[in-house]
Protein chains: 2
Amino acid sequence: MSNILVVGSLAYDTLTTPQGHVDRTLGGSANYFSLAASLYSQVRVVGVVGEDYDQKEIEMLTSRKVDVTGLQRKAGKTFHWTGEYKNDMSEAITHATDLNVFADFNPELPESYKDSQYVFLANIDPVLQLRVLEQIKSPKLVGSDTMNFWISSKLPELKKVLAKVDVLLINEGEADSISKTGNAIAAAKEILAMGPKAVVIKRGEYGFVLYTKEGYFILPAFPIANVVDPTGAGDTFAGAFFGYLSKRDKGYDLASLKQACIQGCLAASFTVEAFGVERLKSLTWPEVEQRQAQYHNVTTL
Amino acid sequence: MSNILVVGSLAYDTLTTPQGHVDRTLGGSANYFSLAASLYSQVRVVGVVGEDYDQKEIEMLTSRKVDVTGLQRKAGKTFHWTGEYKNDMSEAITHATDLNVFADFNPELPESYKDSQYVFLANIDPVLQLRVLEQIKSPKLVGSDTMNFWISSKLPELKKVLAKVDVLLINEGEADSISKTGNAIAAAKEILAMGPKAVVIKRGEYGFVLYTKEGYFILPAFPIANVVDPTGAGDTFAGAFFGYLSKRDKGYDLASLKQACIQGCLAASFTVEAFGVERLKSLTWPEVEQRQAQYHNVTTL
């Protein structure tokens with residue numbers, strides 16, 4: 001069985017959406033990613049938590065066969081994000097970002113992780129993304145995500161990451177920030193010139209654009225009539241996307257990437273049905289398969 | 001050959017987009033609709049133009065076999081819209097709306113139009129939409145469009161129209177204004193309860209949601225890397241959509257509606273490639289077929 005390493009955040013999120021409010025629900029890119037990817041493959045997680053991080057959250061990952069050797073617990077508090085979504089929930093409003101132990105995060109990989117085959121660098125400081133990559137001997141595929149904060153504050157470092165990355169997953173607004181094109185196809189072309197072999201532009205409820213030199217692929221998200229909380233949808237997409245590629249383990253030709261995007265959409269559609277990771281935690285493979293049939297039905301003649 | 005009647009605006013538009021500026025280019029919902037629908041069916045147009053309306057624009061329609069018996073020419077100037085699109089062109093900014101002869105438009109149908117089979121009520125005052133419907137003996141299918149101005153100023157009249165309409169085509173923002181849901185699927189459900197058997201929510205570059213009691217269908221637009229002017233994309237979609245249904249002439253089961261949406265997407269993708277109706281005017285059936293193959297390719301596994 002092939003494996004996939006993810007480096008990212010483990011967090012508590014305090015969230016307000018038109019559907020309600022939750023205090024300190026489990027979140028963080030590494031959690032969403034690991035839960036989704038573990039439906040497909042053996043996941044290894046690298047991250048840091050504080051003294052307040054409930055051990056049962058770690059056990060929840062290990063119950064999904066996620067390898068947590070790379071999880072550090074440090075003195076201090078866990079990363080805590082306070083955010084809100086209004087109206088159509090297309091945009092997150094940040095009220096507070098308490099980095100806490102995440103502020104001094106230095107991802108050191110255990111020896112047992114250094115042979116990782118698939119690697120996903122979630123949205124963290126590009127300097128740290130590079131540091132993780134340097135520790136991995138010969139990955140088969142490297143994926144990454146980023147955000148506007150790094151695009152505006154650390155573009156040179158981010159470009160070094162892009163030069164080493166096979167697949168970039170990025171939000172549409174962030175793709176526009178990098179490319180200044182205002183058009184997903186034009187943005188994807190520009191990003192490809194920076195290094196990645198494939199770009200996936202994530203469009204929330206509008207789905208995704210997959211762009212490679214060999215061709216592209218565009219579909220909407222699976223429609224959810226009652227979105228409760230969009231937090232983590234992108235990281236869930238990434239988890240199922242790279243989880244699928246890792247399980248398939250046949251590189252990243254266009255046909256594989258298309259299938260990976262579909263898996264990403266399906267998993268993300270469950271995440272938004274409840275706050276935090278609640279829905280994803282209980283997600284089973286038969287549920288994914290059932291939704292895949294529905295998705296096919298509503299996007300095919 | 002079945003026929004389709006459209007009532008809407010014939011206009012000159014002065015437009016500024018990130019791609020350039022044009023003065024008094026041909027526009028108006030009835031022009032976009034007629035050009036697209038005439039690729040499929042016999043079109044009859046109802047509308048009003050002023051003394052400044054160039055006769056060659058009318059000849060352009062007749063060269064496409066469009067029946068212009070229902071076109072009135074009145075003393076005064078033609079409807080003139082001045083608008084602008086910025087950045088990603090998702091929103092039109094209106095600088096001036098000079099209704100001119102359109103302000104007193106009273107759609108009187110020639111006798112030869114009263115047996116029309118397919119009818120499209122473009123975005124005009126719902127009172128006028130109703131007046132058109134009253135003059136048609138027994139239409140097989142009635143479609144309509146509307147806009148926020150009528151939703152906020154004439155909702156009771158608009159609801160009377162919806163009660164008589166088979167298919168509503170509407171922008172996503174307008175669907176939200178009617179339903180206050182912030183979610184396309186939820187909005188479509190609410191609109192269906194107002195009368196239409198099918199709702200098509202138009203999402204610009206993100207495509208459409210087709211929603212009926214029998215099921216739904218969602219696809220992105222055909223991606224255009226260099227959008228020049230989005231004006232008229234929605235009316236072009238409607239023209240190809242109803243043109244297709246009229247040509248097929250087998251009612252509006254879900255399978256037909258799905259195909260009609262694809263035709264709408266394809267035609268609209270040409271319109272946005274140039275200012276005004278320029279691209280649509282020269283559009284040929286082989287070009288549509290070629291793009292249909294490309295569209296299938298980028299939206300199918």
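In this predicted model, B:V6 sits among residues drawn from several parts of its chain's sequence: setting aside neighbours within four places, B:V6 is in contact with B:A30, B:F33, B:S34, B:A37, B:V43, B:V45, B:V46, B:F120 and B:A122. B:V6 also stands out within the largest nonpolar core, which holds 196 residues. Together with A:V6, A:C265 and B:C265, B:V6 touches the most other members of that core. As a general background to such a cluster, nonpolar side chains in soluble globular proteins tend to be buried together.

Helix α3 of chain B, spanning residues 126-134, offers a closer view of burial. The buried residues of this helix are B:P126, B:Q129 and B:V132. These three cover an arc of only 110 degrees around the axis, and therefore lie on the same side of α3(B). The spacing fits a familiar rule: an α-helix has 3.6 residues a turn, so residues three or four places apart point the same way. Among the elements covering the buried residues of α3(B) are the strands β1 (3-7), β4 (42-49), β8 (118-121) and β9 (141-144) of chain B. The helices α4 (148-153) and α5 (155-164) of chain B are also included in that cover.

Turning to the fold of a whole chain, chain A contains 11 helices and 13 strands. Its radius of gyration is 18 Å, close to the 19 Å that the globule rule gives for 301 residues, so chain A is as compact as a globular protein of that length. The C-alpha trace of chain A spans about 55 × 45 × 40 Å along its principal axes. Buried residues account for 51% of the 301 residues in chain A. Of the contacts in chain A between residues at least 6 apart in sequence, 67% join residues at least 24 apart.

The two chains meet through contacts between 23 residues of chain B and 23 residues of chain A. On the chain B side, the elements giving two or more residues are α7 (184-192), β13 (215-219), α9 (254-271) and α11 (285-299). Strand β13(B) gives the most, with four residues. By character, the residues on this side of chain B divide into 14 nonpolar, six polar and three charged.

As for confidence, chain A averages a pLDDT of 96, and 100% of the residues score at least 70. For the complex, the predictor gives an ipTM of 0.92 and a pTM of 0.95.

Technical notes: Residues are numbered from 1 along each chain as its sequence is written. Chains are lettered from A and ligands numbered from 1 in the order in which they are written. This is a predicted model: local features need pLDDT of at least 70, side-chain atom pairs count only at pLDDT 80 or more; totals for chains, interfaces and linings use all residues. A nonpolar core is a set of buried Ala, Val, Leu, Ile, Met, Phe, Trp, Tyr and Cys residues joined through C-beta atoms within 7 Å. A residue is buried if 20 or more other C-beta atoms lie within 10 Å of its own, exposed if 12 or fewer, and partly exposed in between; C-beta atoms are placed from the backbone. Two residues are in contact if their C-beta atoms, placed from the backbone, lie within 7 Å. The radius of gyration is taken over C-alpha atoms; the globule rule is 2.2 Å times the number of residues to the power 0.38. Ala, Val, Leu, Ile, Met, Phe, Trp, Tyr, Cys and Pro count as nonpolar, Asp, Glu, Lys and Arg as charged, and the others, Gly among them, as polar. The arc is that of the directions from the helix axis to the C-beta atoms. pLDDT is the predictor's confidence in each residue, from 0 to 100.
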